[in-house]
Amino acid sequence: MSALIQASHLHKIYRDNHAVNDVSIELHQGEILGLLGPNGAGKSSCLQMLCGVLAPSEGEIIINGSDLLDYPNKAKQSIGYLPDKPPLYPELTIDEYLNYAARLRRVKSSELSNLRQRAIECCGLEGYNTRLIGNLSKGYQQRVGIAQAIIHQPEIIVLDEPTVGLDPIQMIEIRKLILELGEQHGIILSTHILPEVQAVCNRVQIIHRGKSVFNKKMIELKKTRQVRLKLQQNIDIASINNLPSVESVTQTAKQATDNYYLLSGNNLHASLADISTQCVTNNWGLLELSPLENTLEQIFISLTAGDDKHADGNCNNEDHSDEKHNSEQAA
Amino acid sequence: MIFQIALRELRSLFLSPLAWIILGVIQGIMAWKFLGFIDYFFEIQADLIKIKDAPGVTDLVIAPLFDFSKILLLIICPLITMRLLSEERQSGSLKLLLSSPVSMTEIILGKYLGACSFFIIVILIIAIMPLSLLTSTDLDLGKIAAGMLGQLLTIAAFVSLGLYMSSLSDQPVNAAVGTFGLLILFFIINIAGNATTEGNNFFNYISITHHSIQMLRGIVNTADIAYFILFSLGFLLLSIRQLDSQRIQS
């Protein structure tokens with residue numbers, strides 16, 4: 001099956017800033033890809049390039065089989081895009097605005113009212129049809145933004161921080177909507193909210209300082225790669241290493257009754273039951289066998305915090321000196 | 001697609017009070033001016049009878065009225081065109097257009113037609129008053145038609161310049177001031193042509209006034225029409241290029 005989006009080796013260079021540096025993005029049918037990254041990592045630039053709002057300095061983008069550069073109209077036809085700030089006209093009503101958005105995407109007049117009604121129902125905007133967009137709350141404006149992106153039933157939906165500025169209940173509703181849409185469309189969403197990615201995405205790509213530093217499926221992420229083993233007896237490392245799927249072992253603590261071992265292996269998640277059976281049959285005195293899950297947060301922090309630490313430390317120092325200064329003044 | 005963008009532009013204009021206020025103010029000023037010209041005509045009517053081939057109502061009322069209305073058009077043009085692209089860029093709604101299957105040319109032409117349609121309404125409203133004289137006297141309809149063609153070509157040029165200025169700036173006010181400055185320059189540059197003997201032709205040739213004044217006298221010159229078409233096309237092409245290059249650099 002060919003990919004919905006095949007963007008390879010994208011670069012975006014602003015005057016003196018290499019904002020996106022060799023990022024490749026792929027999206028398949030039925031996939032919800034979460035684009036993660038700290039502020040200013042280049043997420044929005046990436047998405048804007050995919051939607052044709054920005055032209056990449058280098059690289060190739062193929063949308064649903066057509067090259068964005070050679071056949072922009074055909075490629076853009078299969079994209080629905082919600083920018084970081086919903087592209088609304090406050091003086092129009094929701095109906096007028098959605099009609100306009102649909103006509104821009106070359107929706108036939110005969111299908112217009114049906115598709116509009118669907119988008120309105122999808123985004124929970126029933127009964128607001130004739131309200132002016134400028135009078136709506138931020139959350140509802142965001143919904144209109146999403147409705148605009150899905151009205152022409154595109155194969156690909158690109159959402160740039162869709163839940164920003166929403167209250168927790170609206171956030172849950174939007175996530176539910178994204179999950180529903182993800183069944184029939186391919187979705188890319190960018191965010192810096194980690195639980196959001198864990199809740200809706202089935203693949204994660206982390207972008208840091210313009211580079212793609214991580215790209216894995218959520219299922220792989222959830223696989224256990226490390227297990228903590230607590231035994232009554234002190235067993236030598238070599239025999240523990242013989243347990244199924246174990247690739248390396250380190251002994252973390254050694255006491256008379258509690259011996260902790262950290263087992264690592266790429267396929268450990270499948271062999272947990274076997275490991276426990278063997279420990280019992282060998283009579284090692286199995287006390288604890290706990291899989292350690294790799295949380296997204298750990299990965300994210302370990303990948304993105306690296307060289308920012310120094311700067312953060314400086315900031316903190318400054319804060320402290322400020323506080324000191326203040327307290328001195330107060331005294 | 002061009003039509004859809006133009007329609008949205010026109011609708012948004014009339015949903016804001018700005019368009020209505022402009023129409024109202026123009027009508028008020030023009031009515032006052034119209035009355036002034038009519039008064040003047042009655043004053044000198046007795047003397048006119050003595051002259052052979054004397055100028056008629058069309059020359060003494062309608063032509064000066066159209067000529068005066070150009071100054072008003074010059075003042076309101078930046079107010080209408082400043083928003084065209086810069087406001088959309090500022091509010092982020094330009095991204096809707098850029099991510100839709102429409103070309104830069106279609107976006108620019110749509111915006112251009114939208115703003116031009118508003119000014120066509122303005123011209124028609126201005127023309128209704130003098131045309132009301134038809135009920136009581138004979139008018140030179142050919143001359144009026146030529147004058148209105150001149151008005152139409154003038155606003156076509158004004159709007160293209162305003163659109164280009166709007167494509168340059170994120171701030172509508174900057175676009176308005178820029179448009180205003182350049183329009184005045186093109187409007188009065190023929191004064192420089194009149195003042196000097198050398199380069200006379202050049203300054204006259206690039207002046208909007210020089211090319212539009214003939215049509216008020218009923219003379220429709222191909223060179224004048226070509227000037228306005230080239231002027232508008234030039235700034236439209238510049239706007240398209242500007243919009244495209246912003247997508248590449250930004």
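**Helix packing, chain contact and sheets in a predicted two-chain model**

In α6(B), the residues Met104(B), Thr105(B), Ile107(B), Ile108(B) and Tyr112(B) meet Leu236(B), Ser239(B), Ile240(B), Leu243(B) and Asp244(B) of α11(B). The residues of this helix–helix contact divide into seven nonpolar, two polar and one charged. The structure described here is a predicted model, and every value reported for the packing and pairing of its elements is to be read in that light. Two packed helices are described by the angle between their axes and the distance between the axes. For helix α6 (residues 104-131) of chain B and helix α11 (residues 222-248) of chain B, the axes come within 9 Å and cross at roughly 130°, which makes α6(B) oblique to α11(B). The crossing in which α6(B) passes α11(B) is right-handed.

The loop between α5 (94-98) and α6 of chain B contains Ser99(B), a residue that has contacts in the other chain. Not counting residues up to four places away in sequence, Ser99(B) touches Cys51(A), Gly52(A), Val53(A), Lys76(A), Ile79(A) and Tyr81(A). Ser99(B) counts as buried because 25 C-beta neighbours lie inside 10 Å, where the threshold for a buried residue is 20 or more.

The contact between the two chains takes 23 residues from chain A and 18 residues from chain B. On the side of chain A that touches chain B, α2 (72-77), β6 (79-82) and α3 (94-104) of chain A each supply at least two residues, and α3(A) gives the most, with four residues. Sorted by class, this side of chain A has 13 nonpolar, four polar and six charged residues.

Strand β6 of chain A also belongs to an open sheet of six strands, in which the order is β6-β7-β8-β3-β9-β10 (chain A) and the pairing is mixed. The edges of this sheet are occupied by β6 and β10 (211-217) of chain A, each of which has a single partner strand, so one side of each is left without a neighbour in the sheet. From one strand to the next, the twist averages 15°. Within the sheet, strand β7 (residues 156-160) of chain A and strand β8 (residues 186-191) of chain A run parallel and are joined by five bridges; here Ile156(A) stands opposite Gly186(A) in β8(A). Helix α11 (residues 296-304) of chain A lies across β3 (32-36), β9 (203-208) and β10 of chain A, and runs at about 25° to β9(A).

A further open sheet of chain A is formed by four strands in the order β2-β1-β4-β5 (chain A), with antiparallel pairing. In this sheet β2 (17-27) and β5 (66-67) of chain A stand at the edges with a single partner strand each, so one side of each is left without a neighbour in the sheet. The strands β1(A) and β2(A) form a hairpin with two residues between them, and they pair in the antiparallel sense over eight bridges. Among the residues in register, Gln6(A) has Glu26(A) in β2(A) as its bridge partner, while the bridge partner of Ile5(A) in β2(A) is Leu27(A). The pairing of β1(A) with strand β4 (residues 58-63) of chain A is likewise antiparallel and extends over five bridges, and in this pairing Ile5(A) stands opposite Ile63(A) in β4(A). Ile5(A) therefore has a bridge partner in β2(A) and a residue opposite in β4(A). 

Two residues of chain A that are not glycine have positive phi values. One of them, His9(A), is found in strand β1 (residues 5-14) of chain A, and its phi is near 50°, a positive value in a residue other than glycine. With 12 C-beta neighbours inside 10 Å, His9(A) counts as exposed, since the cut-off for that class is 12 or fewer. Asn283(A), which is not a glycine either, has a positive phi of about 60°. Asn283(A) is found in the loop between α10 (272-281) and β14 (286-292) of chain A, and is exposed, with 9 other C-beta atoms within 10 Å.

Notes
Residues are numbered from 1 along each chain as its sequence is written. Chains are lettered from A and ligands numbered from 1 in the order in which they are written. This is a predicted model: local features need pLDDT of at least 70, side-chain atom pairs count only at pLDDT 80 or more; totals for chains, interfaces and linings use all residues. Two residues are in contact if their C-beta atoms, placed from the backbone, lie within 7 Å. Ala, Val, Leu, Ile, Met, Phe, Trp, Tyr, Cys and Pro count as nonpolar, Asp, Glu, Lys and Arg as charged, and the others, Gly among them, as polar. Axes are lines fitted to C-alpha atoms, for helices over the stretch in contact, and angles run from 0 to 180 degrees between N-to-C directions. Angles under 35 degrees count as roughly parallel, over 145 as roughly antiparallel, 65 to 115 as roughly perpendicular and the rest as oblique. A crossing is left-handed if the near helix is turned anticlockwise from the far one by less than a right angle, and right-handed if clockwise. Two strands pair if DSSP finds at least two bridges between them.
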